[in-house]
Structure formats: C-alpha cells, structure tokens
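Biologist: Before we discuss this model, could you set out how empty space is found in it? I would then like to go through the pockets, the helices and the loops.

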Amino acid sequence: MYSKRIQTLCSLLFPVQTFADVGCDHGYCTEYMLKNALCAHATVTDVSADCLKKAELLLADFMTSGVCSSLCTDGLQGVSENTDLVLIAGMGGIEIVNILRQGFIPKHFVLQPMRDSDKVRKYLLESAAYIQRDFTFFDGKYYDVITGCSQSERGLNEKRQQYTPCELQFGRENIRERREDFLGFLQEEINKKQNILARPLNDTTHREMQEKLRYLQGVFSGEIE
Ligand SMILES: C[S@@+](CC[C@H](N)C(=O)[O-])C[C@H]1O[C@@H](n2cnc3c(N)ncnc32)[C@H](O)[C@@H]1O
C-alpha cells in the first residue's frame with residue numbers, strides 16, 4: 001500500500017508511451033505506471049547508485065522484459081526530450097529548478113517540491129510552460145504538487161499565464177479553490193507566527209512577524225489573492 005503522498009502523485013499520472021521518474025529512489029510511481037500498463041516504456045533515474053538499486057530491485061521483472069530501463073545520472077542528463085511524461089518528486093524546489101534549467105521543460109510534468117515551490121512556479125512561468133494543477137495536500141505534513149506541460153505541447157500561440165504574487169507563493173489552484181488542506185496549511189503557518197509573536201522580540205522582528213501574520217490572515221480570509 002503506497003503512502004498518501006505516493007498515491008496523490010500516482011493519481012496525477014496518465015497513460016503515455018514513455019515515462020521517466022527522475023530521482024526515483026524506491027521507484028513506486030514507476031511500478032504504478034507499469035503495473036497498470038499506463039506506459040509502454042519507463043526510465044528510472046537517480047543520481048545515487050544506491051538509491052537507483054532500490055528501484056532496479058522493485059522493477060526487476062519489468063527491466064528484464066525490456067519495458068523499463070535505469071540510468072544513474074544527474075537530473076535529466078541522458079533522458080530523452082521526447083519523453084511524454086516526467087515525474088520529479090521529493091526534492092527541494094531549487095534542485096528541481098536546477099534540473100529543469102540544465103535539462104529541459106518536459107512535454108508533460110508532475111513536480112513535487114519539498115520546499116521553495118514558489119521558485120518552481122516562477123521558473124515554469126518564465127519558461128512559458130503551462131501550469132495545469134497546483135495544489136497543497138496533507139499526508140502527515142503539507143506537500144505541494146505542480147503539473148503541466150511545455151509551451152510547445154500547449155501551443156506556441158497560447159498566451160502565457162500571469163500569476164499574482166500570492167498565486168506565485170501558494171499556487172493558483174489553492175488561491176482559487178481554497179480547499180481544506182490548503183486552509184489547514186495556512187492555519188498552521190498562522191499558528192506558528194502567533195507562537196513567535198507571544199515571545200519577547202525586538203521591535204523590528206515583532207513588526208516583521210506581525211506583517212507576515214497579517215498577510216497570512218488576509219490569504220486565509222480570501223482578502224488577498
Ligand atoms: C527523497 S527521495 C524522493 C524519491 C521519490 N521521487 C519520491 O518522491 O518518493 C529524493 C531522491 O532524489 C535523488 N536526487 C537528488 N538530486 C538528484 C538529481 N540532481 N538527479 C537525480 N536524482 C536526484 C536522491 O538521490 C533521492 O533518491
């Protein structure tokens with residue numbers, strides 16, 4: 001039984017010819033793709049040979065039959081730009097941006113940054129990629145996931161998406177839909193700021209913390225979008 005995080009990632013994957021799981025570690029999402037015949041070929045990659053071994057063991061039968069191959073590599077190096085769908089999950093947002101910058105914007109992508117999701121959104125929008133899904137979910141802690149496609153997949157003449165600063169920070173879908181998990185995340189952030197404000201602070205820190213709290217409260221109430 002996969003964790004809720006892995007199940008959420010799997011729910012965002014769809015049938016394609018070719019799939020790549022970059023930074024696969026255990027390889028569960030690729031197992032899901034192959035077991036459900038959602039791709040004709042999958043590539044699992046990891047920068048760490050030890051981590052890649054876990055996926056190779058899990059997917060041994062698929063590798064033997066030739067529908068799965070493994071690659072010990074940094075980011076997208078050696079991964080075909082023609083890959084239909086690329087998953088990059090469980091890494092920092094800065095690492096994900098570096099991987100995309102040094103590689104390419106995949107035709108279709110599912111990205112799950114552990115932090116700095118705003119930097120991933122910013123880079124995608126700067127690259128004229130299209131962000132399709134962009135939401136927070138809870139599985140013991142709060143995670144962000146961002147899906148979409150490259151500019152060429154969407155259509156070169158399509159208008160670029162314009163995000164507000166708040167959408168860039170939290171994700172457009174969160175701001176527009178205001179679902180329970182996102183509001184839970186905001187409430188947790190509000191509680192953290194209130195706990196800090198209850199301690200003795202110098203004037204500057206107190207003022208900054210109050211500003212951050214007011215901003216979060218504005219997003220929570222829907223006044224700031
Ligand atoms: C926390 S695990 C996440 C595994 C899986 N993707 C998931 O979401 O559960 C992060 C994995 O990314 C790999 N990794 C980190 N930086 C990488 C890079 N630049 N290129 C490829 N793999 C990388 C690590 O070795 C590790 O196996």
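Modeller: On a 1 Å grid over the protein atoms alone, a cavity is a set of points where a 1.4 Å probe fits but cannot get out, while a pocket is an open set with protein on both sides within 12 Å along at least five of seven lines; lining residues have an atom within 4 Å of a point. Grid points are joined across faces, edges and corners, and a volume is the space filled by probe spheres set on the points. This is a predicted model, in which local features need pLDDT of at least 70 and side-chain atom pairs count only at pLDDT 80 or more, whereas totals for chains, interfaces and linings use all residues. Residues are numbered from 1 along each chain as its sequence is written, and side-chain values use heavy atoms, with hydrogens and water left out.

Biologist: How many cavities of 30 Å³ or more does that rule give?

Modeller: The count comes to 2 cavities of 30 Å³ or more. The largest cavity holds about 60 Å³ of space, and the second largest has a volume of about 30 Å³.

Biologist: Which residues line the largest cavity?

Modeller: Its lining is made of Ala128, Ala129, Tyr130, Gln151, Arg154, Gly155, Glu158, Lys159, Arg160 and Gln161. By class there are 3 nonpolar, 3 polar and 4 charged residues; here Ala, Val, Leu, Ile, Met, Phe, Trp, Tyr, Cys and Pro count as nonpolar, Asp, Glu, Lys and Arg as charged, and the others, Gly among them, as polar.

Biologist: And what lines the second largest cavity?

Modeller: Asp74, Gly75, Leu76, Gln77, Ile99, Gln102 and Gly103 line the second largest cavity. That lining has 2 nonpolar, 4 polar and 1 charged residues.

Biologist: Turning to pockets, how much space lies in the largest pocket?

Modeller: The largest pocket contains about 440 Å³ of space. Its lining has 19 residues, and Asp144, Gln169, Phe170, Phe185 and Glu189 lie nearest the centre. The lining divides into 8 nonpolar, 3 polar and 8 charged residues.

Biologist: Which elements supply at least two residues of that lining?

Modeller: Helix H6 (117-126), strand S7 (142-149), helix H8 (165-170), helix H10 (180-197) and helix H11 (203-221) each do so. Helices (H or I, at least four residues) and strands (E, at least two) are DSSP runs, numbered from the N terminus.

Biologist: Where does the largest pocket lie with respect to the domains?

Modeller: The largest pocket lies between domain 1 (4-159) and domain 2 (180-221), because both give residues to its lining. The domain bounds come from an automatic or database domain assignment.

Biologist: What about the second largest pocket?

Modeller: About 340 Å³ of space lies in the second largest pocket. It is lined by 24 residues, with Gly23, Cys24, Asp46, Ala89 and Met91 closest to its centre. Strand S4 (85-91) is among the elements that give two or more residues, and S4 provides the largest share, 4 residues.

Biologist: Back to H10. How does its reach of 25 Å sit against expectation?

Modeller: H10 has 18 residues, and the 25 Å from its first C-alpha to its last is close to the 26 Å expected at 1.5 Å a residue. The expected span is 1.5 Å times one less than the number of residues.

Biologist: Which of its residues are buried?

Modeller: The buried residues of H10 are Phe182, Leu186, Glu189, Ile190, Lys193 and Leu197. Seen down the axis, these buried residues fall within an arc of 100°, so they line one face of the helix; the arc is that of the directions from the helix axis to the C-beta atoms. Glu180 and Asn195, on the other side of H10, are exposed. Buried means under 20% relative accessible area, exposed over 50%, and partly exposed in between (1.4 Å probe, protein chains only).

Biologist: How far is Leu186 from Phe220 in space?

Modeller: Leu186 and Phe220 are 6.4 Å apart, C-alpha to C-alpha, and 34 residues apart in sequence. Phe220 is in helix H11 and, at 28% relative accessibility, counts as partly exposed.

Biologist: Lastly, the loops. What is the phi of Ala37?

Modeller: Ala37 has a positive phi of about 50° although it is not a glycine. Most residues other than glycine have a negative phi. Ala37 lies in the loop between helix H2 (28-35) and S2, and is exposed at a relative accessible area of 63%.

Biologist: And Asp116, where is that found?

Modeller: Asp116 is in the loop between strand S5 (108-113) and H6. Its phi is positive, about 55°, and at 26% relative accessibility Asp116 counts as partly exposed.
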